Amino acid sequence: MVLVLGEWGVICDDKFDLREANVICRELGFLSSVAVKPNSYYGMPNHTRFVLDDLDCNGTENSLYSCQFKDWGVHDCNAQEVIFKMPN
């Protein structure tokens, strides 16, 4: 889950790979990500308000705000498309 503009939400797994995961992990103080688990791998959360979809980072950004994505809250995702990242 991520906090965006004061509200918690989830990230859709569309286009999401290690580049995006590395940016998130770096923001959280980790060096990198070791794996990306798409398709709600760990189960569907109770809260499925998607705040980011089609997130596209080059992997060197210091913040998700520097990556490309659809407008905040705009998505074409369902509950089976929640991404989870595993920081290293």
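**Exercise 1.** Which residues does Leu64 touch, not counting residues up to four places away in sequence?

*Solution.* The model is a predicted one, and the first step is to list the contacts, taken as heavy atoms within 4.5 Å. With residues up to four places away in sequence left out, Leu64 touches Ile11, Val23, Ile24, Glu27, Leu52, Leu55, Cys57 and Phe69. The next step is to place Leu64 in its surroundings: the largest nonpolar core has 14 residues, and Leu64 is one of those that touch the most other members, together with Ile11, Phe16, Leu55 and Cys57.

**Exercise 2.** Work out which elements each supply at least two residues of this core, and which of them gives the most.

*Solution.* The elements that each supply at least two residues are β1 (2-4), α1 (18-27) and β4 (50-52). Among the contributors, α1 gives the most, with 3 residues. A second core, separate from this one, has 5 residues, including Val10, Cys12, Phe50 and Val82.

**Exercise 3.** Describe the sheet, beginning with the order of its strands and ending with a single bridge between β1 and β2.

*Solution.* The sheet is open and has 3 strands in the order β1-β2-β4, with mixed pairing. Its edge strands are β1 and β4, each of which pairs on one side only, and the twist from one strand to the next averages 65°. Turning to the pairing of β1 with β2 (residues 7-11), one finds that the two strands run antiparallel and that 3 bridges join them. To name one bridge, Val4 has Glu7 in β2 as its partner.

Methods. Residues are numbered from 1 along each chain as its sequence is written. This is a predicted model: local features need pLDDT of at least 70, side-chain atom pairs count only at pLDDT 80 or more; totals for chains, interfaces and linings use all residues. Side-chain values use heavy atoms; hydrogens and water are left out. A nonpolar core is a set of buried Ala, Val, Leu, Ile, Met, Phe, Trp, Tyr and Cys residues joined through side-chain atoms within 4.5 Å. Buried means under 20% relative accessible area, exposed over 50%, partly exposed in between (1.4 Å probe, protein chains only). Helices (H or I, at least four residues) and strands (E, at least two) are DSSP runs, numbered from the N terminus. Two strands pair if DSSP finds at least two bridges between them. Axes are lines fitted to C-alpha atoms, for helices over the stretch in contact, and angles run from 0 to 180 degrees between N-to-C directions.
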